[in-house]
Amino acid sequence: MLRILFGVAVFSGVLGTSYGLEAQDRPLAADFPEVYRVGGFDAPEWAEFSTPPQVSFDAAGRLYALDTSAGHVVVIDLAGSLVRIVGGPGEGPGEFNQPGAFVVWRNGRLAVADMGHNAYQVFGPDGEFERFVRMGSGDDLLGGVTNMRFGLRPDPGALAVVAQGAPSRLGALTDLFSEFTGGDDTADAGKVDERGLERLDLVGEEVVAEKILEGWRPPDAGDEAEAISLSDLADGSAIVSMALGDEKWFEPSLLWDVLPDGGIIYADSSAYRIRVTDRTGRVMRSLTRPLAPRPVTRRIQSAVREHELRNLEEGGGGGFFGGLAAAAAEGESSPMVQQMREAAREEIENREFFEEIPVLSALRSTAEGTLWVQRRGEEPWDTAGPIDVMRADGDYVGTFTVGATEMPDAFGPDGLVAFIELDELDIPSIVVRRLPAEVR
């Protein structure tokens, strides 16, 4: 059940296509030579990843892989060999209890967001534990849940993290935990939600948060969530409603990344418009391409509903509805799961639509500050469309056509990139490749 609940936090509903102007694209060749790969069926014990790891590079090209299932971070050198293992499962300092995400700074210092400890655990470049930095109010796991942030990125110029706020639909759950633990229900005042970014200073004993920016908020978005009680958690339909919130299909989400100088790139609407800011969030310029959002027609609405109902029944589509299907397939046929499935069907049939499909689906910066901008595919629900490459000054380099390459899971120095691949048994591997100079 916890897996289903937290799996919905990344479900955004912003699906779409680039709407037929690909003739303007300048094709790029995706010939990225392989540097090394680790993981897979015959991997050594340290590289046996049971779930896809989170990955990041330091300035020396060492790769860091957070294995949340194993409860540790693996550090890998340029030859694909083990350098060290950082942390491990447990309750003490330097041990992880519900690790959720991590960041790696250029010098190799790293911090792991540990929900079980309600703290960021900071480690030095040598992998030695330095200290806890509390996330905020609350104790242990409940505090870690209510203090969640998403999409963590290291601030290049400080011991700080840039993070996206938690979805507003989790506000009701936060209030419930505060009531349950006797916490201060005003502690969340001033926090940003999923439409905003914060800089989290990790220098002291507790996080100090500073708002950087707030993105555009679609009409009626971010309304106050209804209060819930402990009894509501026994109601499958209430869980579905709380998990998915009131977002419309295709409502634009906030896409963003951090540039090497600490500035931010972000897109917050359905248009092809990327804003470039300085460290403070002040917009310096906007980057555009003449690619228009696709209007949402009745035919598209019907196709999306049919697609999501199929995901709910058969699985394979990911997201919240695919998670319910997977739970049922694994034998979770409890009354609660069945109730949630019925509520999900009703949600699919009745959810409203935003008027157009956003052009963009992902936005990343390379280690040298070049932008990789992914567009929607041909089907309304397809987020893996072409990938544009452009400089932060707006100079368009070219486009990787659909299927030429996926968006890398991490960008490193000297053109290094890491991809997470799954074999036929869904066993993960990390594949490190090197980009040509023009797209770094």
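**Salt bridges and cores in a predicted model**

Me: In this predicted model, why is K211 called partly exposed?
Reply: K211 has a relative accessibility of 47%, and since buried means under 20% and exposed over 50%, this value falls in between, so K211 counts as partly exposed.

Me: What makes the pairing of K211 with E214 a salt bridge?
Reply: The closest N and O atoms of K211 and E214 are 3.0 Å apart, which is within the 4 Å allowed between a side-chain nitrogen of Lys or Arg and a carboxyl oxygen of Asp or Glu, and therefore the pair qualifies. E214, at 42% relative accessibility, is partly exposed.

Me: How do you know that D257 and R364 form a salt bridge, and where do these residues lie?
Reply: Their closest N and O atoms are 2.9 Å apart, and because the cut-off is 4 Å, the pair is counted as a salt bridge. D257 belongs to strand β14 (residues 255-258) and R364 to strand β20 (residues 360-365), 107 residues apart, so that distant parts of the chain are linked. Both D257 and R364 are buried.

Me: Why is the contact between E313 and R345 said to tie together parts of the chain?
Reply: The side chains meet in a salt bridge at 2.8 Å, N to O. E313 lies in helix α5 (residues 298-314) and R345 in helix α7 (residues 335-350), so the pair joins parts that are 32 residues apart in sequence.

Me: Which residues of the largest nonpolar core touch the most other members?
Reply: Of its 18 residues, these are V38, V55, L63, A418, I430 and V432.

Technical notes
Residues are numbered from 1 along each chain as its sequence is written. This is a predicted model: local features need pLDDT of at least 70, side-chain atom pairs count only at pLDDT 80 or more; totals for chains, interfaces and linings use all residues. Side-chain values use heavy atoms; hydrogens and water are left out. A nonpolar core is a set of buried Ala, Val, Leu, Ile, Met, Phe, Trp, Tyr and Cys residues joined through side-chain atoms within 4.5 Å. Buried means under 20% relative accessible area, exposed over 50%, partly exposed in between (1.4 Å probe, protein chains only). Helices (H or I, at least four residues) and strands (E, at least two) are DSSP runs, numbered from the N terminus.
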